[in-house]
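The exercises that follow are meant to be worked with the sequence and the coordinates side by side. Each one sets a task and is followed by a solution that goes step by step.

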There are 2 protein chains.
Amino acid sequence: MTERLKQNITRTIGREPTDNECVLLSEHMHLRSFPRKTLLAQPGEHCRYVYFLLEGAAYSSMVDPEGEPHVVQFALENYWITDHYSFFKGAPGIYTIETLEDAETLVIDTEGFDRVCRASHLLEHFFRVLITNAFVALQYRLAKTNTVEAAERYLEFSRLHPDFVQRIPQYLIASYLGIKPQSLSRIRRTLANDH
Amino acid sequence: MTERLKQNITRTIGREPTDNECVLLSEHMHLRSFPRKTLLAQPGEHCRYVYFLLEGAAYSSMVDPEGEPHVVQFALENYWITDHYSFFKGAPGIYTIETLEDAETLVIDTEGFDRVCRASHLLEHFFRVLITNAFVALQYRLAKTNTVEAAERYLEFSRLHPDFVQRIPQYLIASYLGIKPQSLSRIRRTLANDH
DNA sequence: CGTCTATTTGAATGTACTCAAAAGCGGTGG
DNA sequence: CCACCGCTTTTGAGTACATTCAAATAGACG
């Protein structure tokens, strides 16, 4: 198993996986590389995979009735990404996932995921903590969306995720923040003017 | 253990807990009743409990810098509610949780929760699925917040949660939808006029 | 170097907000 | 049983932030 993944587990649950668990995971996770701009999931299609990013960048988005995409999540190295709705409900996908850079990933499919969780209490625990952390962060993000203005949301975002700001195009960050690229451009201008 | 909770588990993971697991849970969950308008959690105070509602209603909210509360979650019968941030990170709370009606709950504290999860793989699985479902729903809600207008969000909300509309005051529903009570009132008026 | 995409800028518009106040509703006590 | 009080909902008028539409500029890629 890749060192990156092992570290991800250790950091998340504060405990190292045993050799047995590492073997179990490696048996169900497969190394896959994708070039830039590859679609990893599409609305309407059942998303059978969860991706762990070893290298590169990707994002998931939802397309609104007017055809406008809205960013749900960004993923860089050490991030997990999937269409959670489709993957966990077994329903047709509702999100698009696309690589932003050439990406190297570890992939696990539904069956593998279920088997791993059933076979290892520790790994099920890991995934519980992982999704709990994601839930907490998402709840916070939603609260902020409703509470503070776009300018402040952008400031907090760039404080929290300077790496995202470096590597992700502005119009996707705007979408993530729930505003239009024009608005983000204006916000950045006024922020720059005020130093 | 209460039948309600057992059913909640069975429905969530599609499998009945064994008698052992029921005993384990009952040993760590305690029946507690609260009158209407009781605070179950407060910002700044470590939230040590997760509440499972047997009867009654409650909601969690975040207070913004201007002192305005913003609803994070509603809970009726069979719902779980806590300050996830405080409970899982062990940090001071960021949300307020308040009962809206006299409530009967099953309560579990951090230590109990950790013990139950460590002792029973099935129950850890249950809580993983539970939080995963919550995550999926929250992601969907956030996507909608950024995609569709308030009127449509309200329509979808009342379609999805007619029971909420019945039992929860309008100004809290407005807050949940990310708008002001005045705005929701106007939205309802125009919706009523257009039948 | 040319094309395609992303970002910036301007002007007009709209959705939801603020401020303000009236009306409605529910509970309590005289 | 009614009057009063507090809280919720409704309504009105003016405002603000972000949007839309439109176009120019800048940047990236082949």
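A residue is near a strand if its C-beta atom, placed from the backbone, lies within 6 Å of that strand. The model is predicted, and the solutions should be read with that in mind.

**Exercise 1. The surfaces near the DNA**

Determine which element gives the largest share of the surface near DNA strand D, and then carry out the analysis for DNA strand C.

*Solution.* Begin with the residues around DNA strand D, of which there are 16, with Ala150(A), Ser183(A), Gln170(B), Tyr171(B) and Ser185(B) coming nearest. Next, assign residues to elements: at least two are supplied by each of α6 (150-160) and α9 of chain A, and likewise by each of α8 (170-177) and α9 of chain B. The largest share, 6 residues, belongs to α9(B). Sorted by class, this surface holds 6 nonpolar, 5 polar and 5 charged residues.

For DNA strand C, there are 16 surrounding residues, and the closest are Gln170(A), Tyr171(A), Ser185(A), Ala150(B) and Ser183(B). The elements giving two or more residues are here α8 (170-177) and α9 (181-193) of chain A, together with α6 (150-160) and α9 (181-193) of chain B. With 6 residues, α9(A) provides the largest share of the surface near DNA strand C, and the classes come to 6 nonpolar, 5 polar and 5 charged.

**Exercise 2. The relation between the chains**

Work out what turn and what shift lay chain A on chain B, and describe the surface through which the copies meet.

*Solution.* The superposition of chain A on chain B takes a turn of 180° and a shift of 0.0 Å along the axis, and it leaves an RMSD of 0.0 Å. This is therefore the relation of a two-fold axis. Among the residues of chain A, the one whose C-alpha comes closest to the rotation axis is Arg128(A), at 2.3 Å.

Turning to the contact itself, 28 residues of chain A meet 28 residues of chain B. On the side of chain A that touches chain B, two or more residues are given by each of β5 (69-75), α3 (84-89) and α5 (121-147) of chain A. The greatest contribution is that of α5(A), with 19 residues, and the classes on this side are 14 nonpolar, 10 polar and 4 charged. Because 100% of the interface residues of chain A are also interface residues in chain B, the copies meet through the same surface.

**Exercise 3. Domains and the nonpolar core**

Find how the two domains of chain A touch, and explain why the largest nonpolar core lies between them.

*Solution.* Chain A is divided into domain 1 (3-147) and domain 2 (148-195), and the centres of these domains, taken over C-alpha atoms, are separated by 25 Å. Their contact takes 12 residues from domain 1 of chain A and 11 residues from domain 2 of chain A. On the domain 1 side, the elements that give two or more residues are β4 (58-63), β5 and α5 of chain A, with the largest share, 4 residues, coming from β5(A). This side divides into 7 nonpolar, 4 polar and 1 charged.

The largest nonpolar core has 98 residues, of which Ala58(A) and Ala58(B) touch the most other members. Both domain 1 and domain 2 of chain A give residues to this core, so it lies between them. To see the surroundings of one such residue, leave out residues up to four places away in sequence; the contacts of Ala58(B) then include Leu40(B), Leu53(B), Ala75(B), Ile81(B) and Ile97(B).

**Exercise 4. Local backbone and burial**

Decide whether Asn78(A) is buried, partly exposed or exposed, and state which residues of α8(B) are buried.

*Solution.* Locate Asn78(A) in the loop between β5 and β6 (80-81) of chain A, where its phi is near 75°, a positive value in a residue other than glycine. Most residues other than glycine have a negative phi. Because 13 other C-beta atoms lie within 10 Å, Asn78(A) counts as partly exposed.

In α8(B), the residues Ile173(B), Ala174(B), Ser175(B), Tyr176(B) and Leu177(B) are buried. Their cover includes β4 (58-63), β5, α6, α7 (162-167) and α9 of chain B. Following α8(B) is Gly178(B), with a positive phi near 85°.

Conventions: Residues numbered from 1 in each chain as written. Chains lettered and ligands numbered in written order. Predicted model: local features only at pLDDT ≥ 70, side-chain atom pairs only at ≥ 80, totals over all residues. Nonpolar A, V, L, I, M, F, W, Y, C, P; charged D, E, K, R; others polar. Core = buried A, V, L, I, M, F, W, Y, C linked by C-beta atoms within 7 Å. Buried ≥ 20, exposed ≤ 12 C-beta atoms within 10 Å, placed from the backbone. Domains from an automatic or database assignment. Contact = placed C-beta atoms within 7 Å. Least-squares fit on C-alpha atoms with pLDDT ≥ 70 in both.
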